[in-house]
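I opened this entry to record what I looked up in the structure. The notes follow the order in which I worked.

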2 protein chains.
Amino acid sequence: MSMKKATIHEIAKTLGIDSSTVSRALNDSDRVKPATKKKIRAKARELGYTRNLLASNLRRNKSNTIGVIVPRISRHFFSSTIAGIEERAHQAGYNVIICQSLEKVERERKIVRNLIANRVDGILISIAMETQDPRHLTECFENGTPLVFFDRHVASMKQTGKVLIDDVRGGFEATEHLIQQGCRKIGHFTAPLETEIYRNRHGGYRSALEKYNLPYDGDLVFVSKMMQEDGYRLAEKIVKEHPDVDGIFCANDFAAIGALNYLKKAGVKVPNDIALAGFSNEPTSAVIEPSLTTVDQFGTEIGRLACNLLLDYFENGNTLVNDQTIMLAPKLIVRDSTKRNKIPRIPTTNLS
Amino acid sequence: MSMKKATIHEIAKTLGIDSSTVSRALNDSDRVKPATKKKIRAKARELGYTRNLLASNLRRNKSNTIGVIVPRISRHFFSSTIAGIEERAHQAGYNVIICQSLEKVERERKIVRNLIANRVDGILISIAMETQDPRHLTECFENGTPLVFFDRHVASMKQTGKVLIDDVRGGFEATEHLIQQGCRKIGHFTAPLETEIYRNRHGGYRSALEKYNLPYDGDLVFVSKMMQEDGYRLAEKIVKEHPDVDGIFCANDFAAIGALNYLKKAGVKVPNDIALAGFSNEPTSAVIEPSLTTVDQFGTEIGRLACNLLLDYFENGNTLVNDQTIMLAPKLIVRDSTKRNKIPRIPTTNLS
DNA sequence: AAAAAACATACAATCGATTGTATAATAATA
DNA sequence: TATTATTATACAATCGATTGTATGTTTTTT
């Protein structure tokens with residue numbers, strides 16, 4: 001059935017006029033007489049014409065398309081950012097290509113190449129956890145394709161726009177909240193600390209302990225891939241190895257949910273025996289029992305801002321340079337997994 | 001910073017050879033001497049050359065790209081199908097463009113136009129709930145762009161490939177299971193029955209009732225948009241209007257989760273007072289308490305199969321014609337929301 | 001009515017890569 | 001060595017749309 005698609009040349013020939021006039025008519029140029037336009041439009045419709053964007057973009061050297069790369073589209077945070085990005089992009093007349101790296105650098109690399117080869121006007125990216133060597137990303141803007149990071153970025157790249165969440169603060173607030181609920185020995189589940197966001201959440205955890213004069217104990221920090229299974233497994237481990245742990249700050253909700261499942265199964269009371277906080281505000285966290293205290297990251301807003309940064313760049317051409325970084329404060333969402341019945345005296349801080 | 005990207009012509013000029021040779025070298029044609037290839041590749045690398053796929057695709061009249069349209073990428077079922085699609089597509093050397101209609105026909109229409117304008121080689125689509133008039137889709141293959149439906153399709157379009165889930169069966173099994181758990185008055189929450197999949201789930205519900213000689217009562221069927229809030233609201237309604245209802249079959253998990261939240265809050269025991277079954281196997285359903293009985297749809301498998309159908313078509317060119325439909329059986333997943341303590345005698349069926 | 005201004009359309013080059021054909025250079029055969 | 005076969009590269013058209021310039025028409029002005 002693969003009949004050839006109509007072109008402006010066919011339209012031009014059947015009407016006995018030039019293709020340039022057809023092109024202008026279809027672009028509603030005022031260099032074409034209204035009557036002629038009408039004739040051309042009618043014929044275009046009749047032939048089922050659709051503009052070949054490959055040709056158009058090639059000629060105009062502009063694709064009106066923004067590429068978006070996220071680790072996983074199924075994560076609530078990322079699908080929210082995508083919603084925000086699409087909202088702003090469509091308003092501004094841009095299309096959006098969504099890609100997922102599945103946390104693999106190799107896929108990320110291929111995706112970047114492909115987006116560049118397809119001449120997207122810009123790229124919005126939240127990098128894969130694996131990504132250490134950002135060469136494919138530096139190439140990207142050396143190449144003339146502007147890049148904006150959101151959430152997960154490459155710290156060493158200063159020449160691009162960034163929209164970040166203050167993960168240190170998020171980690172701090174979650175941990176401080178646990179302390180204020182009376183926890184004195186708080187464990188931490190995290191991904192490898194090479195990943196900036198996890199390093200920062202860990203940093204927040206640590207400095208909250210410090211503020212309240214609680215000792216930092218590396219043995220209470222467990223590193224994993226932070227899937228639900230990991231949370232389950234590590235909860236078991238921490239309970240057995242450190243029976244006096246009374247709080248856990250999980251650097252993401254998936255691990256927290258896994259941990260919660262273990263604790264419930266093991267008969268450990270949450271929050272009174274162990275209080276539990278997660279990070280990211282996955283939808284499941286609101287529904288699970290007890291509902292999970294977590295940190296919301298304003299995904300949609302981040303998406304909007306990141307897209308704005310890129311759109312600004314398209315218009316002004318220089319805003320991205322010089323470490324244009326927007327930092328958003330996350331928001332602690334307190335739910336049942338940390339709401340203790342009786343709260344002991346809060347320890348004095350070592351600040352003020 | 002928008003320095004112009006290198007082209008094969010630049011490479012050719014700096015090396016004093018013809019661009020056609022460069023093109024062939026970069027495509028590893030055996031019409032170019034190995035030594036020349038090496039020289040060309042080196043220069044390409046040096047200049048940071050990336051093939052302009054706009055030009056290449058235009059010339060070759062092939063984009064090696066498959067467009068995928070789903071209602072929402074955040075739905076577990078759809079992100080699973082996308083995983084399956086990407087897996088097969090990448091194996092076969094195709095790229096995938098992911099788009100979400102957000103259940104709006106208008107967006108769907110725009111997306112289809114845009115994919116066609118970008119000359120994707122084919123489209124995989126699960127239509128928006130709103131979509132009644134499929135003109136944009138019929139145009140699509142009249143136009144020469146092959147189309148494969150998965151999950152949600154347009155029943156009247158026979159000329160395309162389809163990979164479907166047997167929703168009638170899913171609805172039947174969920175309802176039969178409720179009956180076997182002792183439910184005698186079973187409500188049903190559904191979306192407008194114009195949507196094929198919901199009509200089918202409803203059909204399955206109805207025929208299960210029939211099989212076990214239970215009356216079908218239209219008053220127990222509640223139509224909504226099936227968001228979590230709707231489930232909550234309608235659970236309240238059904239409990240107040242029909243206090244003797246002892247089971248609910250929700251045509252999706254979101255509404256079921258909402259309903260469960262209401263029932264728990266209202267002190268209605270699940271499953272013993274009211275047993276509850278959902279549809280789609282969202283991750284939350286496994287985690288909520290009580291865990292939710294639901295119907296799994298094998299998203300990844302559906303994605304693989306749909307993509308296969310399209311790839312077959314690319315190779316053979318005619319498999320899509322004549323209602324090539326693959327129907328998959330869904331799988332009932334029994335969890336706590338329907339596992340009753342004491343199960344009464346199961347009513348005799350009117351079949352056999 | 002002639003000249004100037006405004007308008008409508010045609011011509012032709014271009015975007016960057018691909019590809020059939022032609023030509024030149026080298027190798028193999030007689 | 002002359003001739004054919006083989007190999008390597010160059011030439012030129014093409015994909016479909018856009019756009020600056022040129023040309024021809026109509027309208028307006030004087």
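Entry 1, contacts between the chains. I took two residues to be in contact if their C-beta atoms, placed from the backbone, lie within 7 Å. The model is a predicted one. With that cut-off I found 38 residues of chain A in contact with 38 residues of chain B. I then looked up which elements give two or more residues to the side of chain A that touches chain B, and I noted helix 4, helix 5, strand 2 (95-100), helix 6 (105-117), helix 7 (135-142) and helix 12 (283-287) of chain A. Helix 4 of chain A supplies the largest share, 5 residues. By class, I recorded 17 nonpolar, 14 polar and 7 charged residues on this side of chain A.

Entry 2, relation of the copies. I superposed chain A on chain B by a rotation of 180° with 0.0 Å of shift along its axis, and the RMSD was 0.1 Å. The two copies are thus related as by a two-fold rotation axis. I also found that 100% of the interface residues of chain A are interface residues in chain B as well, so the copies meet through the same surface.

Entry 3, chain A as a whole. I listed 13 helices and 12 strands in chain A. Its radius of gyration is 26 Å, well over the 20 Å that the globule rule gives for 352 residues, so chain A is more spread out than a compact globule. The C-alpha trace of chain A spans about 90 × 40 × 35 Å along its principal axes. I noted that 49% of the 352 residues of chain A count as buried. Among contacts in chain A with a separation of 6 or more, 74% join residues 24 or more positions apart.

Entry 4, A:Ser79. Is A:Ser79 buried or exposed? I found A:Ser79 buried, because 22 other C-beta atoms lie within 10 Å and the cut-off for a buried residue is 20 or more. A:Ser79 belongs to helix 5 (residues 76-91) of chain A. Leaving aside neighbours within four places in sequence, I recorded contacts of A:Ser79 with A:Ile73, B:Ile73 and B:Ser74. The C-alpha atoms of A:Ser79 and A:Thr300 are separated by 8.4 Å, although these residues are 221 residues apart along the chain.

Entry 5, helix 5 of chain B. This helix (residues 76-91) has 16 residues and reaches 23 Å from its first C-alpha to its last, close to the 22 Å expected at 1.5 Å a residue. I noted its buried residues, among them B:Phe77, B:Phe78, B:Ser79, B:Ile82 and B:Ala89. What covers the buried residues of helix 5 includes strand 1 (65-70), strand 2 (95-100), strand 3 (122-125), strand 4 (147-150) and helix 13 (299-316) of chain B. Just after helix 5 of chain B, I found B:Gly93 with a positive phi of about 80°.

Entry 6, the DNA strands. I counted 27 residues around DNA strand C, and the closest are A:Asp18, A:Ser20, B:Thr7, B:Ser20 and B:Ala55. The elements that give two or more residues to the surface near DNA strand C are helix 2 (19-26) and helix 4 (53-60) of chain A, with helix 1 (8-15), helix 2 (19-26) and helix 4 (53-60) of chain B. That surface divides into 7 nonpolar, 12 polar and 8 charged residues. For DNA strand D, I noted that A:Thr7, A:Ser20, A:Ala55, B:Asp18 and B:Ser20 come nearest of the 27 residues around it.

Terms used:
Residues numbered from 1 in each chain as written. Chains lettered and ligands numbered in written order. Predicted model: local features only at pLDDT ≥ 70, side-chain atom pairs only at ≥ 80, totals over all residues. Near = placed C-beta within 6 Å. Helix = DSSP H or I, 4+ residues; strand = E, 2+ residues; numbered from the N terminus. Nonpolar A, V, L, I, M, F, W, Y, C, P; charged D, E, K, R; others polar. Buried ≥ 20, exposed ≤ 12 C-beta atoms within 10 Å, placed from the backbone. Least-squares fit on C-alpha atoms with pLDDT ≥ 70 in both. Expected span 1.5 Å × (residues − 1). Rg over C-alpha atoms; globule rule 2.2 N^0.38 Å.
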